Amino acid sequence: FFFQAEDGIRDKLVTGVQTCALPICFLEEQLDDVRNTRRDLMRVIKAVDLEIQTVFAAAFADVSSHFTQLFTSLFPGGTGKLVLTNPDDLLNTGIEVEAKPSGKNVKKLSLLSGGERSLTALGFLFAVFRSRPSPFYVMDEVEAALDEPNLYRFLALIQEFRQDAQLLIVSHQKRTMEAGDSLLGVSMQPGGSSKVIVEKVSSSA
């Protein structure tokens, strides 16, 4: 009777161990799946980070080169360049704009006049345009802060870009309007509905 009882206890222990082993095996399989998935994700993240750095480095090189050229055109005798704040870490680096118009011993944008800052920003914008061309550009009063000499430089840049693309510029500057091919405006008579008016500049000249 004693051995039968012992056999019964042994059977229960074996059954209990087997019962407990099932969820343990299941959890181990799940843990292995998580580890494998994590390794796969890390490989994907590493590949994506590498691609981002490659694309960013190429784009920065293009924009930086064009910005330097455009700055010389916008500020004759001046120098401008783009600088990475952390060139060893392209995923977290920032970009600083150094601008030195002719006759000024400054590089920081904060030390330039409002018109000079605006024209520098436009130089950067058009450097991006030139690096990644598009057939159509929309700008909203980007030249509002420019004085007359800088406005003429901006319009000369517009004249260059209009050879390869269409530009739609929202502006209140008379000189900018005169440089366009067409003028578009919105008019509304008292009590009436708004109406779009299109005028060809060349035909009205």
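Are Phe 126 and Phe 161 buried or exposed? In this predicted model, Phe 126 is buried, and Phe 161 is buried as well.

**Aromatic pairs**

A pair of aromatic rings is characterised by how far apart the centres lie and by the angle between the planes. The structure contains 7 aromatic pairs. In one of them, the ring centres of Phe 126 and Phe 161 are 4.8 Å apart and the planes stand at 70 degrees; because an angle over 60 degrees counts as edge-to-face, this pair is edge-to-face. The two residues belong to distant parts of the chain: Phe 126 lies in helix α2 (residues 114-131) and Phe 161 in helix α3 (residues 148-161), with their positions 35 residues apart in the numbering. Both residues are also members of one aromatic cluster, together with Phe 129, Tyr 137 and Phe 154.

**Nonpolar core**

In soluble globular proteins, nonpolar side chains tend to be buried together. Here the largest nonpolar core comprises 27 residues, and Leu 119, Phe 126 and Phe 154 have the most contacts inside it. Two or more residues of this core come from each of α1 (2-74), β1 (79-84), α2, β3 (136-140) and α3. Phe 154, which also appears in the aromatic cluster, touches Leu 119, Leu 122, Phe 126, Val 142, Glu 143, Leu 146 and Ile 169, when residues up to four places away in sequence are not counted.

**Largest pocket**

The largest pocket has a volume of about 670 Å³. Its lining consists of 21 residues, of which Leu 167, Leu 168, Ile 169, Gly 180 and Ser 182 are the closest to the centre. Ile 169 is also among the residues touched by Phe 154. The elements that supply two or more lining residues are α3, β4 (166-170), α4 (174-179) and β5 (182-188). Of these, β4 contributes the most, with 5 residues. The composition of the lining is set out below.

| Residue class in the lining of the largest pocket | Number of residues |
|---|---|
| Nonpolar | 13 residues |
| Polar | 6 residues |
| Charged | 2 residues |

**Backbone at Glu 141**

Where does Glu 141 lie? Glu 141 is located in the loop between β3 and α3. Although Glu 141 is not a glycine, its phi is positive, at about 50 degrees. The relative accessibility of Glu 141 is 33%, so this residue counts as partly exposed.

Technical notes: Residues numbered from 1 in each chain as written. Predicted model: local features only at pLDDT ≥ 70, side-chain atom pairs only at ≥ 80, totals over all residues. Heavy atoms only, no water. Phe/Tyr/Trp six-rings, centres within 6.5 Å; stacked < 30°, edge-to-face > 60°. Helix = DSSP H or I, 4+ residues; strand = E, 2+ residues; numbered from the N terminus. Buried < 20%, exposed > 50% of the residue type's maximum accessible area, 1.4 Å probe, protein only. 1 Å grid on protein atoms, 1.4 Å probe; cavity = no way out; pocket = protein on both sides within 12 Å on 5 of 7 lines; lining within 4 Å. Points joined across faces, edges and corners; volume = space filled by probe spheres on them. Nonpolar A, V, L, I, M, F, W, Y, C, P; charged D, E, K, R; others polar. Core = buried A, V, L, I, M, F, W, Y, C linked by side-chain atoms within 4.5 Å. Contact = heavy atoms within 4.5 Å.
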